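Thanks for passing this one along. Here are some notes to read with the model open beside you.

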Amino acid sequence: MSALFSPIKLRGLALPNRIMVAPMCQYSAENGEANDWHFVHIGNLALSGAAMFCIEATAVEAIGRITPGCLGLWNDATEAALKPIMASVRKRARIAVAMQLAHAGRKASSHRPWEGGQLIPTSEGGWQPEGPSAVPHKEGEAAPLALDTLGLARVAEAFVAAAKRADRLGIDALELHCAHGYLLHQFLSPISNKRTDQYGGSLQNRMRFPLEVFDAIRAVFPDHKPVGIKVSATDWVEGGWDLRQAIEFAQELKKRGVDWIDASSGGVSPLQKIPLGPGYQVPFAKAIKEATGVATMAVGLITEARHAEDIIASGKADMVALARAMLYDPRWGWHAAAELGGEVEAPPQYWRSQPSTQKALFGATTFGTR
Ligand SMILES: Cc1cc2nc3c(=O)[nH]c(=O)nc-3n(C[C@H](O)[C@H](O)[C@H](O)COP(=O)(O)O)c2cc1C
């Protein structure tokens, strides 16, 4: 019996295996609206064999986009653009669909990565980013505006409105983006948060806004649908956010009913030093799970089926999330199932692809020809 291909329940959502397609920005939307690229990308990975697909970081307001191409869900047009894509996934695939709700904070108004990724000044069509404090991400860059009380209320309300729209679209689960140096992580980290009000200083104060946003979306998203969170477990910078604080944050989230913690790292400072290697973030998922008992997802350089199997079987995490390996091999789940003796859902149009040596891959399929 494969542990990776064993079922799991997140609140009311039953998943047949432990694999999630990690959220991946496509930088291909226009005015935040999804288009034909998202049909191709989401439709393709909906057939990956993963139990859940997480839609990319989806900005809850226009100024919260990382780049002008980032997906959004802040008005009727952005909601309408996702509707036919969701309908197509529902018709053609049996995969749960999560959405990552996000705000880029001080990292907003950037060029797409393949255009260099640097900040776009307002004089060149960029916009004024906002963050917890007027501290730029990189030395020499223009500083963001520090959010005031009204601004904080506006951002929290934008998360709530997006959560309601996501529910209306039939999204099964939300993942709150609290990682990679974006707005909510900027509040957590002492590197980006220099506030002197109740949202800065002590750990309790730095956690306050992310927890308020979590509570606010949890309150409007239906009870039976799970809400998870992606955290950076460390900034990889001396004196920054670290695993000890991430565990305290996880304890607070547990009290509030968080359904999973997706343990990533880094992103808040260009001074970070990341010891990259296979499964380099797995120890964070393990430590958070052990300390809090909250379900965790391991993410980061998990590419091999047997590695993923070992992570689940040894109890280091409850699920794995894969990003780049899924782009490289959009049938990663099928191939992992073949290797580990699991079963995946496949559309009947593709049933004949099953190698003769692996007839059980798609379960009891019948395909008559004359
Ligand atoms: C093209 C691309 C886009 C990404 N966009 C997001 C995103 O929208 N939200 C997020 O939390 N992480 C994002 N990431 C990070 C991944 O979700 C993941 O945490 C990271 O790539 C490590 O996993 P991997 O080694 O399986 O790729 C992105 C990664 C890639 C490659």
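The points below go from the whole chain to one helix and then to single residues.

1. **What kind of model this is.** Please keep in mind throughout that this is a predicted model. The chain is built from ten helices and twelve strands.

2. **Overall dimensions.** How does the radius of gyration agree with that of a compact globule? For 370 residues, the globule rule gives a value near 21 Å, and the chain has 20 Å, so the two agree. Measured out along its principal axes, if you will pardon the phrase for a computed value, the C-alpha trace spans about 70 × 45 × 40 Å.

3. **Burial and contacts.** Of the 370 residues, 58% are buried. Among contacts with a separation of 6 or more, 69% join residues that are 24 or more positions apart.

4. **Surface and charge.** The exposed area of the chain is about 15500 Å², and 53% of it is supplied by carbon and sulfur atoms. There are 38 positive and 37 negative side chains. The centres of these two sets lie 5 Å apart.

5. **Helix α3, its length.** Helix α3 covers residues 149–168. At 1.5 Å a residue, its 20 residues should span 28 Å; the end C-alpha atoms are 29 Å apart, so the helix agrees with expectation. After α3 comes Gly170, with a positive phi near 85 degrees.

6. **Helix α3, its buried residues.** The buried residues of α3 include Leu152, Val155, Ala156, Phe159, Val160, Ala163 and Ala166. Arg165 is also on that list, together with Gly151, Ala158 and Ala162. An α-helix has 3.6 residues a turn, so residues three or four places apart point the same way. Which elements cover the buried residues of α3? Among them are the helices α2 (76–92), α4 (183–188) and α5 (203–220), along with the strands β5 (96–102) and β8 (173–178).

7. **Glu61, a loop residue in contact with α3.** Glu61 sits in the loop between β4 (52–59) and α2. Is this residue buried or exposed? Its relative accessibility is 11%, so Glu61 counts as buried, the cut-off for that class being under 20%. Beyond its neighbours within four places in sequence, Glu61 is in contact with Arg154, Val155 and Ala158, and also with Trp74 and His103. Val155 and Ala158 are themselves among the buried residues of α3. Gly117 is 56 residues from Glu61 along the chain, and their C-alpha atoms are separated by 20 Å.

8. **Pro210, inside α5.** Do take a look at Pro210, which is found in helix α5. With a relative accessible area of 0%, Pro210 is buried. Not counting residues up to four places away in sequence, Pro210 touches Leu176, Cys178, Leu184, Phe187, Leu188 and Phe249. The C-alpha atoms of Pro210 and His185 are 7.9 Å apart, with these positions 25 residues apart along the chain.

9. **His180 and its phi.** Most residues other than glycine have a negative phi. His180 is not a glycine, yet its phi is positive, about 55 degrees. This residue lies in the loop between β8 and α4. At 22% relative accessibility, His180 counts as partly exposed.

10. **Leu301 and Gly279, two loops in contact.** Leu301 also has a positive phi, near 50 degrees, and is a residue other than glycine. Leu301 is placed in the loop between β11 (296–299) and α8 (305–313), and its relative accessible area of 29% makes it partly exposed. Gly279 belongs to the loop between β10 (260–264) and α7 (282–292). Gly279 is buried, at a relative accessible area of 9%. Leaving aside neighbours within four places in sequence, Gly279 is in contact with Gly300, Leu301 and His307. The C-alpha atoms of Gly279 and Ile311 are separated by 8.9 Å, and the two are 32 residues apart along the chain.

11. **Ser6, in the segment before β1.** Ser6 is found in the segment before β1 (8–10). Ser6 counts as buried at 13% relative accessibility. Apart from residues up to four places away in sequence, Ser6 touches Met1, Pro16, Asn17 and Arg18.

Methods
Residues are numbered from 1 along each chain as its sequence is written. This is a predicted model: local features need pLDDT of at least 70, side-chain atom pairs count only at pLDDT 80 or more; totals for chains, interfaces and linings use all residues. Side-chain values use heavy atoms; hydrogens and water are left out. Helices (H or I, at least four residues) and strands (E, at least two) are DSSP runs, numbered from the N terminus. The radius of gyration is taken over C-alpha atoms; the globule rule is 2.2 Å times the number of residues to the power 0.38. Buried means under 20% relative accessible area, exposed over 50%, partly exposed in between (1.4 Å probe, protein chains only). Contact means heavy atoms within 4.5 Å. Accessible areas come from the Shrake-Rupley method with a 1.4 Å probe; for residues, only the protein chains shown count as cover. Lys and Arg count as positive and Asp and Glu as negative; His and the chain ends are not counted. The place of a charge is taken as NZ of Lys, CZ of Arg, CG of Asp or CD of Glu. The expected span of a helix is 1.5 Å times one less than its number of residues.
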